[in-house]
Amino acid sequence: MNSKIKFYQSIQYKIALVFVLMLILTLEIVGALFVRQLEHENLTNFKQQIELPSYVENSLTQELIQTNTKTANRNINSTLQKVENNSITEIRVVDAKGIIRGTSNRDQSVVGQKANTKIVKNTLVNNRSHSETVYDSDSKIHYYVTTIPLMSGDTNNVVGVVYIRASLESVYSTVTSISLIYLSATVITIIIGLILSIIISREITRPIEEMRKQTLRIARGDFSGRVKVNGNDELGQLSAAINNLSIRVEESQESTDAERRRLDGVLAHMSDGVLATDRRGNVIIINNMALQLLGVDDEKEVIGQSILGVLDIRKNYSIRDLVENEQAQNEVILDGLTDDTIISASFSPIQRESGFVSGLVCVLHDITDQVQEEEERKQFVSNVSHELRTPLTSVRSYVEALSDGAINDPELSPRFLKVVEDETERMIRMINDLLSLSRMDSGTTKLDLEYVNIGELFNYILNRFDMIIKNETADDSDQKKYTIDRHITNKSLWVEIDPDKFTQVIDNIMNNAVKYSPDGGVITARLTDTHNHVILSITDQGLGIPRKDLRHVFDRFFRVDKARSRKQGGTGLGLAISKEVINLLGGQIWVNSTEGKGSTFYIALPYVPFEEDDWDDQVDED
């Protein structure tokens with residue numbers, strides 16, 4: 001085969017022609033980009049032309065602050081009439097209540113009316129400038145509309161909005177003219193490119209079409225056809241190479257592709273990790289799931305390494321143990337390969353029909369969740385048994401004492417019966433709490449959601465604790481005294497919650513704060529809001545929570561001071577229930593604490609702010 005190719009026969013010559021065509025089209029694309037950039041510049045210059053001088057904005061701001069509305073409106077109108085800008089169609093001044101205070105038009109009938117434009121409301125709400133392009137279907141004219149907030153220099157509050165509307169016809173007429181020029185050039189270029197592409201593609205696509213048909217036949221498994229070699233250029237040599245390729249693929253496809261596809265398909269779709277080794281125990285195959293379980297980023301770090309080192313079992317097993325011993329078929333627990341992950345590994349030797357062992361297959365399965373669930377179940381059963389055994393033992397002891405004759409003692413019998421009653425109520429509370437948690441875990445808890453003013457509800461709950469303080473102080477002078485310091489915003493924050501369950505959460509946290517606060521301590525309650533959340537916090541001056549116990553505070557039956565909590569009647573489930581309730585409401589609860597200085601519990605709930613005007617409009621519609 002002659003490897004020399006004449007220039008006019010080379011595909012490079014044909015590609016050169018294509019590049020010439022692409023160059024022409026590229027020049028047109030550059031022209032289009034130029035038109036786009038010119039349009040952008042015209043719009044930018046137009047926006048700069050309609051900007052109001054700073055002294056006008058300052059003057060309008062001062063007039064909106066004035067208390068005399070009539071005088072202020074006259075001054076606003078006078079100021080607007082002095083603005084000489086032919087690009088501006090109309091200027092309106094709107095105060096913070098959404099009332100139009102002035103317009104640059106001769107028709108002053110809109111003054112004093114409510115501004116219902118959405119862009120004005122957005123500016124009043126967000127304290128930011130807004131702009132948009134609108135189309136007037138009546139006049140068939142595009143307008144550019146922008147709003148500018150007027151800020152008070154003393155309080156930095158929005159006192160009003162300047163609404164500017166300007167016609168864009170001058171800008172669009174210029175862009176239209178340039179677009180027509182671009183369109184004409186594009187049409188001419190397309191015609192030329194079409195003629196050239198037809199001539200060139202006819203020469204290139206004819207042999208390529210034959211090669212395409214042959215490759216489709218090869219893909220279907222038909223290797224009988226051959227591509228006709230019409231020339232000695234690159235396409236001709238490619239046709240001959242395809243003919244040779246079809247012969248070789250026909251010989252090797254059945255054995256090679258079937259084996260490869262089978263192996264790749266099995267490994268790719270397995271949910272367990274798989275490793276395969278050679279007869280020396282060095283890893284030769286590993287799938288992606290195995291890499292994830294072993295915490296390895298690149299398979300190159302594992303390929304060629306001993307499986308004993310990869311799984312860190314060299315101290316307990318050898319390759320011979322994994323191949324020959326019966327234990328190789330059993331489950332081997334791998335703990336510590338990655339943080340907080342427990343993996344089971346099952347080994348199986350790869351044997352030929354002759355019995356020769358050519359390697360090992362290891363299947364990895366993540367059993368972390370299974371082990372953790374088993375541990376949590378055992379811990380839960382142990383905690384429930386312990387928590388119920390303590391009051392039952394106490395009840396049994398006092399009942400036995402009463403049976404032995406203490407019931408006839410007028411001094412001891414009421415005390416013993418009181419203890420039995422208290423312990424029984426404690427067990428009832430514990431069982432009710434367990435039932436509540438069970439319903440939350442199973443998803444059967446129903447929420448009675450409604451929009452509530454969270455500040456009023458928070459104050460209502462705290463008022464009950466203030467009343468408890470007064471009653472306890474009046475009944476028992478030795479009772480521990482404490483005060484509640486409130487820092488609650490005066491804003492109306494309407495949040496969608498279940499009032500009863502939310503009250504239960506606050507009661508749990510406040511009761512803990514009262515229990516652990518020292519005599520004369522101060523409990524600080526705060527409520528504030530962010531952009532999309534309300535944040536409640538309750539701070540006590542108690543003993544605090546050790547750092548090591550902070551992540552367990554919301555665990556079931558967890559107590560920092562177990563002896564003191566039981567003595568005060570706590571079940572260890574209050575904070576666990578509180579966390580589940582807040583999660584159901586879509587919020588978050590967490591705690592910060594310094595040992596010896598007290599603790600602060602935080603609750604964050606999702607909150608969508610409502611402006612008073614929007615709320616009133618919604619009520620009117622309802």
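Trainee: What makes one face of strand β13 the covered one?

Mentor: Look at which side chains sit where in this predicted model. V495 and I497 make up the covered face of β13 (residues 494–497), while W494 and E496 are on the uncovered one.

Trainee: And how do you know that β11 pairs with β13?

Mentor: Two strands count as paired with at least two bridges between them. Strand β11 (residues 450–453) and β13 have four, in the antiparallel sense, so they pair. Within that pairing, E450 stands opposite I497.

Trainee: Why are β2 and β3 called edge strands?

Mentor: The open sheet has five strands in the order β2-β1-β5-β4-β3, with antiparallel pairing. β2 (100–103) and β3 (130–136) each pair on one side only. The partner of β3 here is β4 (residues 141–151), over seven bridges, with D136 standing opposite I141.

Trainee: What makes R165 and E90 a salt bridge?

Mentor: Their closest N and O atoms are 3.6 Å apart, and the cut-off is 4 Å, so the pair qualifies. R165 lies in β5 and E90 in β1, so the bridge ties together parts 75 residues apart in sequence. There's a network too: E90, R92 and R165 are linked by salt bridges.

Trainee: Why is E90 called buried, and why is R165 called partly exposed?

Mentor: Buried means under 20% relative accessible area. E90 has 4%, so it counts as buried. R165 has 23%, which falls between 20% and 50%, so it counts as partly exposed.

Trainee: How do you know that R464 and D507 meet in a salt bridge?

Mentor: The N to O distance is 2.9 Å, within the 4 Å limit, so it's a salt bridge. This pair links helix α12 (residues 454–475), which holds R464, to helix α13 (residues 499–516), which holds D507, with the two positions 43 residues apart in sequence.

Trainee: Buried or partly exposed: which is D507, and which is R464?

Mentor: D507 comes out at 19%, under the 20% cut-off, so it's buried. R464 has 29%, so it lands in the partly exposed range.

Trainee: What makes I195 a candidate for a surface patch?

Mentor: A patch residue needs over 30% relative accessible area. I195, in helix α5 (residues 169–219), has 48%, so it clears that bar while still counting as partly exposed. L180, L183, V187, I191 and I199 join I195 in the nonpolar patch, and together the patch has about 570 Å² of accessible area.

Terms used:
Residues numbered from 1 in each chain as written. Predicted model: local features only at pLDDT ≥ 70, side-chain atom pairs only at ≥ 80, totals over all residues. Heavy atoms only, no water. Patch = residues over 30% accessible without salt bridge, like charges linked within 9 Å, V, L, I, M, F, W, Y side chains within 5 Å. Areas by Shrake-Rupley, 256 points an atom, 1.4 Å probe, with all protein chains shown as cover. Salt bridge = Lys/Arg side-chain N within 4 Å of Asp/Glu carboxyl O. Buried < 20%, exposed > 50% of the residue type's maximum accessible area, 1.4 Å probe, protein only.
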